Amino acid sequence: MEKKNNTLKRGLSARHIRFMALGSAVGTGLFYGSASAIQMAGPSVLLAYLIGGIFAFIIMRALGEMSVNNPQAGAFSRYAQDYLGPLAGYITGWTYCFEILIVAIADVTAFGFYMSFWFPNVELWVWAISVVLIIGAINMVNVQVFGEFEFWLSFIKIATIIIMIVAGIGIIVWGFGNQGQPTGIHNLWANGGFFANGVIGMILSLQMVMFAYGGIEIIGITAGEAEDPKKTIPKAINSVPFRILIFYVGTLFVIMSIFPWNEVGTHGSPFVLTFENLGIKTAAGILNFVVITASLSAINSDVFGVGRMLFGMAEQGHAPKMFTKISKRGVPWVTVL
């Protein structure tokens, strides 16, 4: 990290990292994918998200300790090498890169489908190429531009979820948009009980729950470019429990209180239905805009994460030496490209 003219610049502020921590695990998996987990577990999916969140927090605390002690772009690949040996570092780093590249392909494809909601006559490959070029250009400028872009995308997602929860509480308690009839929370146990599909259903849903939490590891990778990692990283990671309770458990609690769990997802996105109950006729268009920002955020993080991981691995000798090249703006341009 201390090579002359070959050092990543620390340009991510506390504001950037805090919102990246809040928004990293909040993506299309919550807006659309949560319906599948609900159908698998019933209301007990709340418990699955809570259990998964506890384990995610424990892992992030451990990663945070290592990131603060040794803030590196290679993050957990570097730590695996230091504490478990070169083979562990090699496997960890390359596995992460291939996994994120596969996820990125899914994110780019999803972006194309979301855009086709408004532009049905445009081929999906046009959107795929466009978003890759745009996100690539953003990541090529400098890390501050990446951080600012990610900040606003996260802000949109978070604001939407908070509005959704507040609106849902209005429907549950005061009956807003439901002819003044409060729905209450009886739907959490009225259709087969809290463990509607048994404990096994809740356990099986954990596979989807843990996939939804994917993305929080990006906080460890940002340590190499954080302005003050010893302060910003611990604060960002300690916000994980609050984020899980509010954004996942809180949102799904509201959705399954308003709608019977076995009907969630069968008539469209529960987010759209909730906003439509409040008389917002453009709910589908609003949500489509939000999931577009969520996919953009995911692609942005994918490019950043793999770019920095490959850079760190090259420094360890696990990737081609040319991957260590850095532009004048402090960007590992070869790996980003």
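How much area does the protein chain expose, and what share of it do carbon and sulfur atoms supply?

## Surface and charge

The protein chain exposes about 15100 Å², and 69% of that area is supplied by carbon and sulfur atoms. Keep in mind as you look around that this is a predicted model.

Charge is another thing to look for. The protein chain carries 19 positive and 16 negative charges, and the mean positions of these two groups lie 11 Å apart.

## Overall build

If you look for secondary structure, you will find 15 helices in the protein chain and zero strands. Along the principal axes, its C-alpha atoms fill a box of roughly 70 × 45 × 30 Å.

How does that fit with the chain length? A compact globule of 337 residues would have a radius of gyration near 20 Å, so the 21 Å of the protein chain agrees with that expectation.

## Inside the fold

Burial comes next: 53% of the 337 residues in the protein chain count as buried. Contacts tell you about the path of the chain. Taking those between residues at least 6 apart in sequence, 79% join residues at least 24 apart.

## How confident is the prediction?

The protein chain has a mean pLDDT of 84, with 92% of its residues reaching 70 or more. Confidence is highest in helix α8 (residues 198-204), at a mean of 93, and lowest in helix α13 (residues 270-277), at 71.

At residues 1-5 the pLDDT is below 50, and this stretch has nine contacts in the model beyond near neighbours in sequence. Predicted coordinates should not be read in detail where pLDDT is low.

Note on methods:
Residues are numbered from 1 along each chain as its sequence is written. This is a predicted model: local features need pLDDT of at least 70, side-chain atom pairs count only at pLDDT 80 or more; totals for chains, interfaces and linings use all residues. Side-chain values use heavy atoms; hydrogens and water are left out. Helices (H or I, at least four residues) and strands (E, at least two) are DSSP runs, numbered from the N terminus. The radius of gyration is taken over C-alpha atoms; the globule rule is 2.2 Å times the number of residues to the power 0.38. Buried means under 20% relative accessible area, exposed over 50%, partly exposed in between (1.4 Å probe, protein chains only). Contact means heavy atoms within 4.5 Å. Accessible areas come from the Shrake-Rupley method with a 1.4 Å probe; for residues, only the protein chains shown count as cover. Lys and Arg count as positive and Asp and Glu as negative; His and the chain ends are not counted. The place of a charge is taken as NZ of Lys, CZ of Arg, CG of Asp or CD of Glu. pLDDT is the predictor's confidence in each residue, from 0 to 100.
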